[in-house]
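Good morning, and thank you for the time. I should like to take you through a few local features of one model, and I ask you to follow them on the screen as I speak.

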Amino acid sequence: MAEPTTLYKLMILSMLDQSEAPLTNTLLSDFFLGKEYTTYFTLQEALHELDEDQFIRQEASHNNVQYSITPAGQESLHFFENKINSEIQADMKQYIAENQIPIAASASAVADYYMTPEKKYAVHCQLREKGIPQLDLTLNVMNKAQAEVICANWKNQTDDIYMMLIDHLLK
């Protein structure tokens, strides 16, 4: 078996490789902490090192970070994936299978906001399918509170908004 830190990194790479969509920091933490494999801080250190080594890519928004595996990460994983024992591999596969809907949802509806040069806020919302933007929308709002509400509501209303836009634009 590999050293603990190396094992955690391999486990992260394996989970990202198995998942059809990027995994959030929340989902990775839920798995590692729920199964008591390691502590939150050790997990964050492993994620940071994998990102620095360009084995994973991270995309941050105001409320979470999503991770995906890079080609270099896949190559490294395939050399060393035999270091992960079968029980851990089974736990990871089961977790990915049980959480496929939240994983896909977290990757398909993405929203973030930022301050504009005019000191207003812009909210950038995307609907993605298999990583490809289907809808890309930027809204300018007056304040941070409005931006936060739009980001929070985007995930729950994305499909309705997309269908409404399509319906209106195809008339």
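Let me begin with helix 7, residues 144-169. A straight helix of 26 residues would span 38 Å at 1.5 Å a residue, yet helix 7 spans only 30 Å between its end C-alpha atoms. Please bear in mind throughout that this is a predicted model. Where does helix 7 bend? The bend is at Q157, and it amounts to about 70 degrees.

Next, the side of this helix that is covered. Which residues of helix 7 are buried? They are A147, C151, W154 and T158. As a general point, an α-helix has 3.6 residues a turn, so residues three or four places apart point the same way. The buried residues of helix 7 pack against three strands: strand 4, strand 5 and strand 6, the last of these covering residues 132-141.

Two of those strands lead to my second topic, backbone geometry. Between strand 4 (109-115) and strand 5 (121-129) there is a loop, and K119 lies in it. The phi of K119 is near 65 degrees, a positive value in a residue other than glycine. In general, most residues other than glycine have a negative phi. K119 counts as exposed because its relative accessibility is 60%, and exposed here means over 50%.

A second case is E36, whose phi is near 60 degrees, again positive in a residue that is not glycine. E36 belongs to the loop between helix 2 and helix 3. Is E36 buried or exposed? With a relative accessibility of 72%, E36 counts as exposed.

I shall stay with that loop for a moment. T38 is also found between helix 2 and helix 3, the latter being residues 40-52. T38, however, is buried, because its relative accessible area is 13% and the cut-off for buried is under 20%. Which residues does T38 touch, leaving aside those up to four places away in sequence? The contacts are Y8, F32, L33 and L43.

One of these contacts, L33, brings me to the surface. L33 is found in helix 2, residues 25-34. Its relative accessibility is 35%, so L33 counts as partly exposed. Together with Y40 and F41, L33 forms a nonpolar patch on the surface, and the accessible area of the three together is about 330 Å².

To close, L33 thus appears twice in this account: as a contact of T38, and as a member of the nonpolar patch. Thank you.

Key:
Residues numbered from 1 in each chain as written. Predicted model: local features only at pLDDT ≥ 70, side-chain atom pairs only at ≥ 80, totals over all residues. Heavy atoms only, no water. Patch = residues over 30% accessible without salt bridge, like charges linked within 9 Å, V, L, I, M, F, W, Y side chains within 5 Å. Areas by Shrake-Rupley, 256 points an atom, 1.4 Å probe, with all protein chains shown as cover. Salt bridge = Lys/Arg side-chain N within 4 Å of Asp/Glu carboxyl O. Helix = DSSP H or I, 4+ residues; strand = E, 2+ residues; numbered from the N terminus. Buried < 20%, exposed > 50% of the residue type's maximum accessible area, 1.4 Å probe, protein only. Contact = heavy atoms within 4.5 Å. Expected span 1.5 Å × (residues − 1). Bend = angle between axes of the 7 residues up to and from the residue.
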